[in-house]
Amino acid sequence: MSAQGRVTLGVLLDSLGAEAVTALCLPSGRQAMVGAPVIHGSDEPMTAFAGALLLATGRPEPSLLEDAAGAGASAVVVRAGLGNAAALTEAARDAGVALLAAAPGLAWGQLYALVDALLALVAPAADLGGGVQAGDLFALANQVAQRVGGAVAIEDLAMRVLAYSTIGGQPIDELRREGILGRRVPEHPTNAEEYAAVLRCEQAVWSYQPREYLPRLAIAVRARGEALGTIWAIQAEEPLAPDAPAVLAEAARTAAPHLARISLAADKARRTRDEWLGWLLRGVGHVGELAASFGLHPEEPVTVVAVGTREVGGRTDAFAATHAADLLRTAYAAYRIRAAVGAVDGRTYAVVAAGAGTPLLRRITADTLTQITDRLGGRWRAGVGRTAPTVAQAPASARQADDALRAMCGPFGGGEVGLHEELAAALFLLDAGASMRASPAPAGEPLSLVAEHDAGHGTDYVHSLRVWLVAHYDVPRAAETLSLHPNTLRYRLRRIGELIPLDDPDVRLVLGLQLRLAEIRASGTNSGG
């Protein structure tokens, strides 16, 4: 059913299901082959799209169908419910190109991810029983769902949803829906215990957690005793078939070679990709060959993006970095932004063929950080280096991206995505704090004189100073922040002026540095990359 990274329209429609996409016009039938998805805006020029699945955003005109056919696209997807659907369907029929409709609530990026996953996973499956051949993991899920009477999902050990059933009339809950759209089971406190229980057993077991969702019958998929993934069947109002445990056991045996092949291929490809990306970031190896392997041109400008969690200074575990890289790669590809993306030394990196200040790059990166946070938890941030004029100079941009991420993960980082050129002050403070870590100066005079007065007299002069400095010495504004009358704050400042010479600009500068450096010390931020 698949060849050269393509699937038939029949497999595409059956695998994704009517909740994702439906057919409006199939001039060449369900056996027509379709390839990689491409998101296409109505105002963008039509280029060569050999065999592509064109995701047409906005309100496309009927002329787009003829243009798409001329560009070699196999099928076009429009948003369901368009007022000119009849005209689009007639134009598709005349042009000889398939026309599909995407569900109203499905984002284009989500549909892109679903199709991309399908193309990566489709593979011939063994006989499931009864003389019926399952064409791929999606067909296997449908076969099992039909026999057990409940919706089915097949997952790998990282809880990524590899395939799911689309049998009409079988209910799914929000947990399954989010897993399908996000390609991974959403984080939940009960996940670890429930999955561990499934993987400990040789037979199918029931799972009733999380309580707010439907119960599930699950079984581990194994090959030679090694766990490769799991299969889950939802029980809704009607109980599952009496032989459901046996059906799942049979399905697990059938799925095992496919999950083993997927796991082996994915691990090998990922290790190679991450290793090559590491070379590119460090300036090791033949730049031309490395750039070409990622679809980059050696002489084009590139920008490095570094992604990590704020809680651990930008570093994370290998699984989290890898999953974050998968989401970031899919997001960039969905908008046709060429990039080399992977996990290197506990961080997610992307070498992107776009300028650092490109609004689209910033928006897509920020949106993806939200997805990563939803899937993995934590507070994810991104640092963006300055744009390097060629791929050979990517290591300089990578160092800047690391510095920018360090600043974003520190006490002065605001928002989710920070550009190196925007973070000069924060980086200066971090470096100053690191260089003075062994020095008593940040905690010494003049700030120490005010702090000692607070300790001895129960005053709160240090906090008043901090707010006043942040307000750029604007007394009314600082007083409002402190919920004080301006005259009260003026009185405090006069009393502080009796302790230290507040009118001296150098004293004010040192006070500001001491207060900011104290925040660095309090946060435990270091200068490590």
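What pLDDT does the protein average? This is a predicted model, and its average pLDDT is 84, with 90% of the residues scoring at least 70.

**View 1. A stretch to read with care.** Over residues 123-135 the pLDDT falls below 50. Beyond near neighbours in sequence, this stretch still has 33 contacts in the model.

**View 2. The five-stranded open sheet.** Follow the strands in the order E12-E11-E15-E14-E13, paired in the antiparallel sense. Strands E12 (161-164) and E13 (205-207) stand at the edges; each has a single partner strand, so one side of each lacks a neighbour in the sheet. From one strand to the next, the twist averages 30°.

**View 3. Strands E11 and E12, with a helix packed on the sheet.** Here E11 (residues 152-156) pairs with E12 over three bridges, antiparallel. Look for Ala-153, which stands opposite Tyr-164 in E12. Helix H5 (residues 137-148) packs on the sheet and touches E11, E12 and strand E15 (226-234). The direction of H5 makes about 135° with that of E11.

**View 4. The largest cavity.** A search of the whole structure finds three cavities of 30 Å³ or more, and the largest has a volume of about 170 Å³. Its lining holds 15 residues, with Glu-155, Leu-175, Val-185, Tyr-195 and Arg-216 nearest the centre. Helices H6 and H7 (191-200) are the elements that give two or more residues to this lining. By class, the lining of the largest cavity is mixed: six nonpolar, five polar and four charged residues.

**View 5. The second largest cavity.** This cavity holds about 60 Å³ of space. Around it you will find Leu-16, Leu-114, Ala-117, Phe-138, Val-161, Leu-162, Tyr-164, Ile-180 and Arg-183. Helix H4 (108-121) and E12 each supply at least two lining residues, and E12 gives the most, with three. The lining of the second largest cavity has eight nonpolar residues, one charged and no polar ones. Tyr-164 of this lining may be familiar from View 3, where it stands opposite Ala-153.

**View 6. The second largest pocket.** About 420 Å³ of space lies in this pocket. Of the 22 residues that line the pocket, Leu-16, Glu-19, Ala-20, Ile-172 and Ile-180 lie nearest its centre. Helix H6 (residues 174-182) gives the most to the pocket lining, with three residues. The pocket lining divides into 13 nonpolar, seven polar and two charged residues. Leu-16 and Ile-180 appear here and also in the lining of the second largest cavity.

Methods
Residues numbered from 1 in each chain as written. Predicted model: local features only at pLDDT ≥ 70, side-chain atom pairs only at ≥ 80, totals over all residues. Heavy atoms only, no water. 1 Å grid on protein atoms, 1.4 Å probe; cavity = no way out; pocket = protein on both sides within 12 Å on 5 of 7 lines; lining within 4 Å. Points joined across faces, edges and corners; volume = space filled by probe spheres on them. Helix = DSSP H or I, 4+ residues; strand = E, 2+ residues; numbered from the N terminus. Nonpolar A, V, L, I, M, F, W, Y, C, P; charged D, E, K, R; others polar. Pairing = 2+ DSSP bridges. Axes fitted to C-alpha atoms, helices over the stretch in contact; angles between N-to-C directions. Contact = heavy atoms within 4.5 Å. pLDDT = per-residue confidence, 0-100.
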